[in-house]
Amino acid sequence: MSAALLVYRLRDGSAEFLLGHPGGPFWRNRDQGAWSIPKGLANDGEALLATAVREFEEEVGFTVEGPFVELTPRRQKSAKLVHCWLAAADLDLDAFRSNSFELEWPTGSGRRRAFPEIDRVAYMKPGEALTKIHPGQRPILLEALEKLASPAS
């Protein structure tokens, strides 16, 4: 199972969503359909919301306090189930930093290189976010838009 935080801010009465672009050579030249909600796998016995907060901090470099609104878990094409929470935070993205991973690159070279897990982040208006987000995560974003539009939000 995977857990995620979908962070948003309000600008001029409209929501903007924080998405991350995956780092590494496979994603370097991809944009539309490549961006993602920061997420990761839960450790054994770790609560899913705690996982979402930890992963966001590791991948984006910020701690988000909440309140958190739980969204419907969504199964990805890979069969991974993503549990996501919506949270408001207007972050200064100039302070963005991400953890890294190692990969043999170029493939077959025997050399290992470190790459950031997320190489950039951006707040996006709904139309742009729906275009750039990984297709399997669009339902999460659509549900978030519905929740933000409802008077109970």
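**Notes on the predicted model**

1. Let me start in the loop between β7 (100–104) and β8 (112–116), where P106 is found. The peptide bond joining W105 and P106 is cis, with omega about -5 degrees. Keep in mind while looking at this spot that we have a predicted model here.

2. There is another cis bond to check, this one between G66 and P67, with omega at about 10 degrees. P67 lies in the loop between α1 and β4 (69–70). Both deserve a look, because most peptide bonds are trans.

3. How confident is the prediction? The chain has a mean pLDDT of 95, and 98% of its residues reach 70 or more. Strand β5 (residues 74–75) has the lowest confidence, with a mean of 94, while strand β9 (residues 118–124) has the highest, at 98.

4. Next, the backbone angles. D12 is not a glycine, yet its phi is positive, near 50 degrees. You'll find D12 in the loop between β1 (2–11) and β2. Is D12 buried or exposed? It is exposed, because its relative accessible area is 84%, and the cut-off for that class is over 50%.

5. A79 does something similar: it has a positive phi of about 80 degrees and is not a glycine either. This one sits in the loop between β5 and β6 (81–88). A79 has a relative accessible area of 47%, so it counts as partly exposed. For context, most residues other than glycine have a negative phi.

6. Just before D12 comes R11, whose place is in strand β1. With a relative accessibility of 33%, R11 counts as partly exposed. Setting aside neighbours within four places in sequence, R11 is in contact with E16 and D90. Also worth displaying is the pair R11 and K125: they are 114 residues apart along the chain, but their C-alpha atoms are separated by 9.2 Å.

7. Now the interior. The largest nonpolar core has 18 residues, and L6, F17, L19, I37, C84, L86 and I140 are those with the most contacts inside it. Which elements give two or more residues to this core? They are β1, β2, β6 and α3 (138–149). Apart from it there is another core, of 17 residues, with A3, A52, V53 and L91 among them. As a general point, nonpolar side chains tend to be buried together in soluble globular proteins.

8. F17 is a good residue to centre your view on. Beyond its neighbours within four places in sequence, it has contacts with L6, V7, Y8 and L86, and also with A122, Y123, M124 and P126. The list of contacts for F17 is completed by L141, A144, L145 and L148.

9. Last, the largest pocket, which has a volume of about 590 Å³. Which of its 25 lining residues are the closest to the centre? They are P22, S36, K39, K80 and Q137. β2 (14–22), β3 (39–41) and α1 (48–60) each supply at least two residues of the lining. By class, the lining of this pocket has eleven polar, eight nonpolar and six charged residues.

Definitions and conventions
Residues are numbered from 1 along each chain as its sequence is written. Side-chain values use heavy atoms; hydrogens and water are left out. pLDDT is the predictor's confidence in each residue, from 0 to 100. Helices (H or I, at least four residues) and strands (E, at least two) are DSSP runs, numbered from the N terminus. On a 1 Å grid over the protein atoms alone, a cavity is a set of points where a 1.4 Å probe fits but cannot get out, and a pocket is an open set with protein on both sides within 12 Å along at least five of seven lines; lining residues have an atom within 4 Å of a point. Grid points are joined across faces, edges and corners, and a volume is the space filled by probe spheres set on the points. Ala, Val, Leu, Ile, Met, Phe, Trp, Tyr, Cys and Pro count as nonpolar, Asp, Glu, Lys and Arg as charged, and the others, Gly among them, as polar. Buried means under 20% relative accessible area, exposed over 50%, partly exposed in between (1.4 Å probe, protein chains only). A nonpolar core is a set of buried Ala, Val, Leu, Ile, Met, Phe, Trp, Tyr and Cys residues joined through side-chain atoms within 4.5 Å. Contact means heavy atoms within 4.5 Å.
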